[in-house]
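Here are my notes on the model, set out as numbered points. Please read them with the coordinates open beside you.

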Amino acid sequence: MIEIFHGSKIDWLGKRKLFLAISGSVMLLGLISLVYRRGFEYGVDFKGGTEIKVRFNQKPDIEKIRQDLHDNGADSRLQESVGTNEVLIEYQGASAENAAAGRETILGALSKGFQGQFEILSATSIGPQVGDDLKRQAVFATLYALGGMLIYIAFRFEWIYGAAAVFAVFHDTLVTLGLFSIFKEQINLTVIAALLTLVGYSMNDTIVVFDRIRENLKLRRRDDLQTIMNDSINQTLSRTILSSGLTFITVVALFIFGGEIISYFAFAMVVGILVGTYSSVAIAAPLVLVYTNIRGRSVPQIAAPPRPAVTKSVAKPVTKTPKPKRA
C-alpha cells in the first residue's frame, strides 16, 4: 500500500482538548444558527408541495422561467439538470389544496411563456402529513442505524469503543446538519440518504483505527494507552487519507458538475467526508482515552483480553547414583 505519511509522529491524543473544543464550537454554532433560523429549511419531501420536472425543446432560460412563475404568483425553486434541457420546479404548499393549486399555477405560467416548447416529465404533489411521516421515518432510520452499529462494535470490541464510535458518528451528523443550517441548504430525502451513507463511511474509518489499537495493545503491553493510540492512528493515517481523499475528490466533482438537482446530496457528502475523516482520527480514540483516564483502568483491561497463564515445567534435579567401588 502507498504510504504518504511514512513514519509520522503526530501527537493526536496530546491535542485532544483542542480537537474537542473545535468540535464543540462548530456544533454550538450550528445550534445557534438552528435556533436563530427557527429550524431547518426543509424541501418539498418533508414540508409538502409540488415537484414538476419539465423538459424544454431548447436550453431553457432559467431567469425567464423564474420571472414568469413570479409574475403568476408561484415563487418556486428551480433546479437545472446539467447537460440536458430539463428543469425541476419545486413549489412548497402549506396544505394539500395549496399544493394542487400551485401545480396548476406553475403549468399555467409555463404555458403562457413557453407554449408548445416543453413537456411535463413528472408531476408530484406531497401533502404536509406525508412530509411529516417521511421526516419521522428518516429520524428513526438514522437512530436505528446508530443503534445497530453500537451493538456491533460493542460485541466486536468493548462497549466503550462502541460508545465512542457512535458518539463520533453522532458528532459527524450534528456538524453536517449544523452547516446545512448555517449555509441555508435544504434538507430533503437525498440529504437523509447522504447522512446514512456517511454514518457507514465514518464508522468504517473508525473501526480501522480501533482494530490497529487492539493489535498494538496485544503486542506492546508495557506502553501506555496514549502512546499506543498515537502510534495506531499514525500507522493507519496513510490508508485513511488515501481512501477519504479519493472519495472527497469524487464528491467534490459531483458537487461542482452534478447540477442543482443533486447539489444537496453532494454538499452533505463533501462536508460529511471531511468531518468523518476528522472524527475518526481526532475524536473517537480521544474519547476512549478520556474515559480510561477518568475510570483509572489499565490499558489491557480495556481492549485486549488477558493472555492465558503459561505453566512452566519445573526441571527435576538429577541425582546421580554413585558407582560401587572395587574392593
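1. This is a predicted model, and I begin with its nonpolar interior. The largest nonpolar core has 33 residues, and among these Tyr161, Phe210, Ile213 and Met229 are the ones that touch the most other members. At least two residues of this core come from each of α5 (128–156), α6, α7 (189–219), α8 (225–235), α10 and α11 (284–295).

2. Which residues does Phe210 touch, once those up to four places away in sequence are not counted? The partners of Phe210 are then Phe157, Tyr161, Ala164 and Ala165, together with Ala284, Ala285 and Val288. Tyr161 thus appears in this list and also, with Phe210, among the core residues that touch the most other members.

3. A second core, separate from the one above, is made up of 21 residues, including Leu198, Val251, Tyr264 and Ile273. For the chain of 327 residues taken as a whole, 41% count as buried.

4. The packing of helix α6 (residues 159–182) against helix α10 (residues 263–282) deserves a point of its own, with the axes 9 Å apart and at an angle of about 140°. Since angles over 145 degrees would count as roughly antiparallel and those from 65 to 115 as roughly perpendicular, the two helices are therefore described as oblique to each other. The crossing of α6 past α10 is right-handed.

5. On the α6 side, this contact is made by Ala168, His171, Asp172, Val175, Thr176, Leu179 and Phe180, while α10 contributes Tyr264, Phe267, Ala268, Val271, Gly272, Val275, Gly276, Tyr278 and Ser279. How do the residues of the contact divide by type? There are 10 nonpolar residues, five polar ones and one charged. Tyr264, on the α10 side of the contact, is also one of the residues of the second core.

6. Phe40 is worth inspecting separately, as a residue of the loop that runs between α1 (16–36) and β1 (41–42). Is Phe40 buried, partly exposed or exposed? Its relative accessibility is 23%, and because buried means under 20% and exposed over 50%, Phe40 counts as partly exposed. Apart from neighbours within four places in sequence, Phe40 is in contact with Leu34, Leu177, Ser181 and Ile187. Of these, Ser181 is 141 residues away from Phe40 in sequence, yet their C-alpha atoms are 6.0 Å apart in space.

7. Finally, for the chain as a whole, the secondary structure comprises 12 helices and six strands. Where contacts join residues at least 6 apart in sequence, 79% of them are between residues at least 24 apart.

Conventions:
Residues are numbered from 1 along each chain as its sequence is written. This is a predicted model: local features need pLDDT of at least 70, side-chain atom pairs count only at pLDDT 80 or more; totals for chains, interfaces and linings use all residues. Side-chain values use heavy atoms; hydrogens and water are left out. Axes are lines fitted to C-alpha atoms, for helices over the stretch in contact, and angles run from 0 to 180 degrees between N-to-C directions. Helices (H or I, at least four residues) and strands (E, at least two) are DSSP runs, numbered from the N terminus. Angles under 35 degrees count as roughly parallel, over 145 as roughly antiparallel, 65 to 115 as roughly perpendicular and the rest as oblique. A crossing is left-handed if the near helix is turned anticlockwise from the far one by less than a right angle, and right-handed if clockwise. Contact means heavy atoms within 4.5 Å. Ala, Val, Leu, Ile, Met, Phe, Trp, Tyr, Cys and Pro count as nonpolar, Asp, Glu, Lys and Arg as charged, and the others, Gly among them, as polar. A nonpolar core is a set of buried Ala, Val, Leu, Ile, Met, Phe, Trp, Tyr and Cys residues joined through side-chain atoms within 4.5 Å. Buried means under 20% relative accessible area, exposed over 50%, partly exposed in between (1.4 Å probe, protein chains only).
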